[in-house]
Amino acid sequence: MTTNPAQTTGTTPTAHTSSTAPLNLSRTTATAARVLRQLRHDPRTIALMILVPCVLLFLLRYVFDGSPRTFDNIGASLLGIFPLITMFLVTSIATLRERTSGTLERLLALPLGKGDLIAGYALAFGALAIIQSALATGLALWFLDLDVMGSPWLLLLVALLDALLGTALGLFVSAFAASEFQAVQFMPAVIFPQLLLCGLFAPRDTMHPALEAVSNVLPMSYAVDGMNEVLTHTDMTADFIRDALIVAGCALLVLTLGAATLRRRTA
C-alpha cells in the first residue's frame with residue numbers, strides 16, 4: 001500500500017504554502033482588478049476617496065478668504081494630509097469587510113501569496129490615490145490659486161506618496177479591528193497624534209524635546225516637510241528627496257507588516 005507523503009510528514013498542501021511564494025505579477029494584478037470591480041459598485045466609497053479631499057480644500061480656501069496668505073502657508077501641507085486621512089479610513093474599512101466576511105481567508109486558500117494579496121490591494125487603492133491626488137493638486141493650484149514656488153509635479157508626487165501611506169496604514173490596522181466601528185476608532189490612535197505633531201500647528205523645533213523626538217519618527221512629519229520644501233524652493237532639494245524617500249519607505253514597511261498580519265483560521 002502506498003502512503004501519501006503529506007500524511008507521513010504532516011506537511012500541508014501546496015495551496016497552504018503559497019503565502020510564502022514570491023510576488024507574482026499576474027496574481028497581483030488579478031487581485032487589484034477584483035478590488036476595483038467591487039469598488040465600482042460602491043459609488044459612495046469612490047466619492048469619499050476622490051471628492052472629499054477636494055471639497056475640504058475648497059472649504060479651507062474660503063475659510064481664509066480674507067487672508068489668502070494663510071491658505072498658502074497651510075494649504076500645501078493639508079494637500080498631503082487630507083488624502084492620507086481619507087485613504088486610511090476607506091482602506092481600513094474596505095479591507096476589514098473582506099476579513100470579516102471570510103473573503104481573505106478563501107483567497108488565501110488559493111495559490112495566492114500574502115505578498116500578492118497585499119500588493120494587489122495596494123495597487124487597486126493606489127490607482128484611486130493617483131486620481132485623488134491629481135484632482136486635489138489641480139484644484140489647489142489652478143482653481144484655488146495655491147501659491148507654491150516649486151514644481152506642481154513635485155507637489156503631486158508628495159500628495160500621492162501620502163495617499164499611498166494612508167492606504168498602507170489602513171491595510172495594516174484592519175487586522176486589529178473586529179468591526180467597522182473599531183476600524184474608525186483607530187483614527188484617533190494612528191492619525192490624530194501625527195496630525196498634532198507633524199508641524200502643521202507649530203514648528204516641530206519649538207515643541208517640547210520629548211514631543212519633537214516623537215515627531216521625528218512619524219511619517220506625516222516628513223510628508224508636511226516635503227510639501228513645505230515645494231512651497232518655498234523652486235528646485236528639488238536634498239531635504240525634499242529625503243522626505244519623499246522616508247514617506248515611501250514607511251509605506252513599504254507598513255505594507256510588509258500588513259502582509260504579516262494575514263492569517264488563515266485553523267480548525
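The following legends describe close-up views of a predicted model.

**Figure 1. Overall architecture of the all-helical chain.** The chain contains 13 helices and zero strands, so that every element in its order from the N terminus is an α-helix. Of the 267 residues, 47% are buried. Among contacts between residues at least 6 apart in sequence, 78% join residues at least 24 apart. The exposed area of the chain is about 13,400 Å², of which carbon and sulfur atoms supply 68%.

**Figure 2. The largest nonpolar core.** This core comprises 46 residues, and Ile-81, Leu-146, Leu-155 and Ile-191 have the most contacts inside it. At least two core residues come from each of α4 (52-63), α5 (68-101), α7 (114-143), α8 (152-173), α9 (180-190), α12 (219-232) and α13 (238-260). A second, separate core has 16 residues, including Val-35, Ala-124, Phe-125 and Leu-171.

**Figure 3. The surroundings of Leu-155.** Residues up to four places away in sequence are not counted in this view. Leu-155 touches Ala-76, Leu-79, Thr-137 and Leu-141, and its contacts also include Leu-146 and Val-148. Met-227 and Val-230 are likewise touched by Leu-155; both of these residues are buried members of α12. Leu-155 and Leu-146 are both among the residues with the most contacts inside the largest nonpolar core.

**Figure 4. The two aromatic pairs of the structure.** A pair of aromatic rings is described by the distance of the centres and the angle of the planes. Phe-58 and Tyr-62 form a tilted pair, with 5.0 Å centre to centre and 55° between the planes. These two residues are separated by about one helical turn because they lie four residues apart in helix α4. Phe-58 is partly exposed, at 43% relative accessibility, and Tyr-62 is also partly exposed, at 44%. The pair of Phe-172 and Phe-176 is edge-to-face, with 5.2 Å centre to centre and 70° between the planes. Phe-172 has a relative accessible area of 22% and is therefore partly exposed, while Phe-176 counts as partly exposed at 48%.

**Figure 5. Arginine side chains over aromatic rings.** Arg-61 lies over the face of Phe-71, at 6.0 Å from the ring centre. Arg-204 is placed over the face of Tyr-222, at 5.7 Å from the ring centre. Tyr-222 is one of the buried residues of α12. Arg-204 is also in contact with Ser-215.

**Figure 6. Ser-215 in helix α11.** Helix α11 spans residues 209-215 and contains Ser-215. Ser-215 counts as buried because its relative accessibility is 0%. With neighbours within four places in sequence left aside, its contacts are Leu-197, Arg-204 and Ser-221. Of these partners, Ser-221 is a buried residue of α12.

**Figure 7. The enclosed helix α12.** Twelve of the 14 residues of α12 are buried, so the helix is largely enclosed by the rest of the structure. The buried residues are Pro-219, Met-220, Ser-221, Tyr-222, Ala-223, Val-224, Asp-225, Gly-226, Met-227, Glu-229, Val-230 and Leu-231. At 1.5 Å a residue, the helix should span 20 Å, and this agrees with its end C-alpha atoms, which are 20 Å apart. Helix α12 also supplies at least two residues of the largest nonpolar core.

Definitions and conventions:
Residues numbered from 1 in each chain as written. Predicted model: local features only at pLDDT ≥ 70, side-chain atom pairs only at ≥ 80, totals over all residues. Heavy atoms only, no water. Buried < 20%, exposed > 50% of the residue type's maximum accessible area, 1.4 Å probe, protein only. Contact = heavy atoms within 4.5 Å. Areas by Shrake-Rupley, 256 points an atom, 1.4 Å probe, with all protein chains shown as cover. Core = buried A, V, L, I, M, F, W, Y, C linked by side-chain atoms within 4.5 Å. Phe/Tyr/Trp six-rings, centres within 6.5 Å; stacked < 30°, edge-to-face > 60°. Lys NZ or Arg CZ within 6 Å of the ring centre and 35° of its normal. Expected span 1.5 Å × (residues − 1).
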